[in-house]
Amino acid sequence: MAEERTKTERATGGDGRGPERPITDRAEISNYEIVGHWFQTAADRLELPDDIAEVLRSSYREVQVQIPVRQSDGRIHCYSGYRVQHNGARGPYKGGIRFHPEVDLDEVRALAELMTWKTAVAGIPFGGAKGGVNVAPAELEPRERQVVARSFLDKVEKVLGPTRDIPAPDVGTNAQTMAWLMDEYGKLHGHTPACVTGKPIALEGSYGREAATGRGVVYMFREAAPQLDIKPSETTFVVQGFGNVGSWAARIMQELGATLVGASDANGAIRSDTGIDAEELATHVGEGGKVIEFERDGVEPVDPGELLATECDVFIPAALGGMIHEGNADALRCRMIVEGANSPTTPNADAILADKGVLVVPDVMANAGGVVVSYFEWVQNLQHFRWDEREVNDRLGRIMRKAFREVSAKARANDVPMRVAAYELGIERVLEAARTRGYID
């Protein structure tokens, strides 16, 4: 497996042994392979028997449905929808729903598994799940997006519910999408706000949920900064993927006094040695603008590959998986990476970064802020009681700091990177729950 993954990266990387490609490309290695690599690494170190490892790696349930939608061109477009429930030993399944044209079963499997380890590392009582539809939401009219969301919910609702499986937003979906899902679920089961999280405030959503993943990234940065003697107020940082996670991380980093020196989205990248106002950029993007169209004194458009080579203290990948790979990892000129995206770094890139002395705070803990506040929202919905935003943020900070310290302690004790330590911790907790339940003897 490891050699096959190496060949995949080499065949598409710029290492002299395969055709050159621009360093902006994503690696041709799937999220499923990336998560599988780290699971197997941790499983080997924990000396898990093969049969138990197979139980923990494979999914409990996988659902694939057909979603035909008649669109404004008059034709019926048939999309595929997926919901994968990976492991529920520690509680109800939990995970987002992604609308993206590249969604397939392997991608959803990988993200569901990652959620299992992520919720375990964070110490919240959920299992792992994920969903998705292979649709490009930007190409749909609002009515069409709503039809896709409601149709998807109708076809998977039997495996969902506040004590079974609770979806949330992910790439290509948002609070409005969750409102449609909640409403559709309510038509079948009565008003059930705890059936999804990430809802609008008007529909019993939680204060702080929209910013939670980005805020969690910043909490992780603050915990890691002393290891490199980095002062938050003097930090320069770059955000790759200025969407929900990236934009909130940038704004909250700026509140600490840090300076945004580069940012990108799917359309291009910008850079400024003197700094980019994260609030102004977030407003620009929120109003429908592209990052590359943000024009201010000292801000210049750059190739996305050049963005990776921007000198900074912290690089925050918050786009898609595989964006940091063997072909571009050596170009990075940062001291720390805090992974806001899922599986943004391939295993070969991880090795390159380790050789360069870059501290990597891995996705399995770094971007857990969203699911932590989703947990808070679920708890509030079950009680029909709402916490104020300060309480949400304070509770989030306590959980994120605890997770960082536990993983860091395990990494130091075993002399392994934090990613390996996090996977080991997550696997140990899930295995303990499965054995206690009697799933595994």
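Let's start inside the fold. Arg419 is buried, and so is Asp350. These two side chains form a salt bridge, with the closest N and O atoms 3.0 Å apart. Arg419 sits in helix H15, residues 418-437, and Asp350 sits in helix H11, residues 347-356. The two are 69 residues apart, so to speak of distant parts of the chain is fair: the pair links them.

One caution before going on. This is a predicted model.

Now the overall picture. What does the secondary structure come to? The protein chain has 15 helices and 12 strands. Its radius of gyration is 21 Å, and the globule rule gives 22 Å for 441 residues, so the chain is as compact as a globular protein of that length. Along its principal axes, the C-alpha trace spans about 55 × 50 × 45 Å.

How much of the chain is buried? Of the 441 residues, 59% count as buried. Next, the contacts. Take those with a separation of 6 or more. Residues 24 or more positions apart account for 68% of them. Then the surface. The chain exposes about 18200 Å². Carbon and sulfur atoms supply 46% of that area.

On to charge. The chain carries 50 positive and 66 negative side chains. The centres of the two sets lie 6 Å apart. Side chains of opposite charge can pair when their charged atoms come close. How many salt bridges does a search of the whole structure find? The count is 26.

You have met one of them already, Arg419 with Asp350. Here is another. Glu62 and Arg109 meet through their side chains, at 2.6 Å from N to O. Where do they sit? Glu62 is in strand S1, residues 61-70, and Arg109 is in helix H4, residues 105-122. The pair therefore ties together parts that are 47 residues apart in sequence. Are these partners buried or exposed? Glu62 is partly exposed, with a relative accessible area of 36%. Arg109 is partly exposed too, at 24%.

Next pair: Glu223 and Arg405. Their closest N and O atoms are 3.1 Å apart, in a salt bridge. Glu223 lies in helix H7, residues 212-224, and Arg405 in helix H14, residues 389-414. Those positions are 182 residues apart in sequence, so this pair also ties separate parts together. Glu223 is buried, with a relative accessible area of 18%. The cut-off for buried is under 20%. Arg405 counts as partly exposed, at 49%. Exposed would need over 50%.

Salt bridges can also be followed as a group here. Arg98, Glu107, Lys130 and Asp170 are linked in a network of them.

Arg98 leads us to Val103, because Arg98 is among the residues that Val103 touches, with contact meaning heavy atoms within 4.5 Å. What else does Val103 touch? Leaving out residues up to four places away in sequence, the others are Tyr82, Val108, Gly132, Val133 and Asn134. Val103 lies in the loop between strand S3, residues 93-99, and H4. Val103 is buried, with a relative accessible area of 4%. For a sense of scale, take Val103 and Asn414. They are 311 residues apart along the chain, and their C-alpha atoms are separated by 36 Å.

Now the backbone. Most residues other than glycine have a negative phi. Two residues here deserve a look on that point.

Take Glu47. Its phi is positive, about 55°, although Glu47 is not a glycine. Glu47 has its place in the loop between helix H2, residues 31-45, and helix H3, residues 50-57. At 68% relative accessibility, Glu47 counts as exposed.

Then Glu204. Its phi is positive as well, about 70°, and Glu204 is not a glycine either. Where is Glu204? In the loop between helix H6, residues 175-189, and H7. At 25% relative accessibility, Glu204 counts as partly exposed.

Last stop, Asp273. Asp273 lies in strand S8, residues 268-276. Is Asp273 buried or exposed? Asp273 is exposed, with a relative accessible area of 75%. How does Asp273 stand to Gly262? The two are 11 residues apart in sequence. In space they are 8.4 Å apart, C-alpha to C-alpha.

To close, back to the opening pair. Arg419 and Asp350 are both buried, and they link helix H15 with helix H11.

Technical notes
Residues are numbered from 1 along each chain as its sequence is written. This is a predicted model: local features need pLDDT of at least 70, side-chain atom pairs count only at pLDDT 80 or more; totals for chains, interfaces and linings use all residues. Side-chain values use heavy atoms; hydrogens and water are left out. A salt bridge is a side-chain nitrogen of Lys or Arg within 4 Å of a carboxyl oxygen of Asp or Glu. Helices (H or I, at least four residues) and strands (E, at least two) are DSSP runs, numbered from the N terminus. Buried means under 20% relative accessible area, exposed over 50%, partly exposed in between (1.4 Å probe, protein chains only). The radius of gyration is taken over C-alpha atoms; the globule rule is 2.2 Å times the number of residues to the power 0.38. Accessible areas come from the Shrake-Rupley method with a 1.4 Å probe; for residues, only the protein chains shown count as cover. Lys and Arg count as positive and Asp and Glu as negative; His and the chain ends are not counted. The place of a charge is taken as NZ of Lys, CZ of Arg, CG of Asp or CD of Glu.
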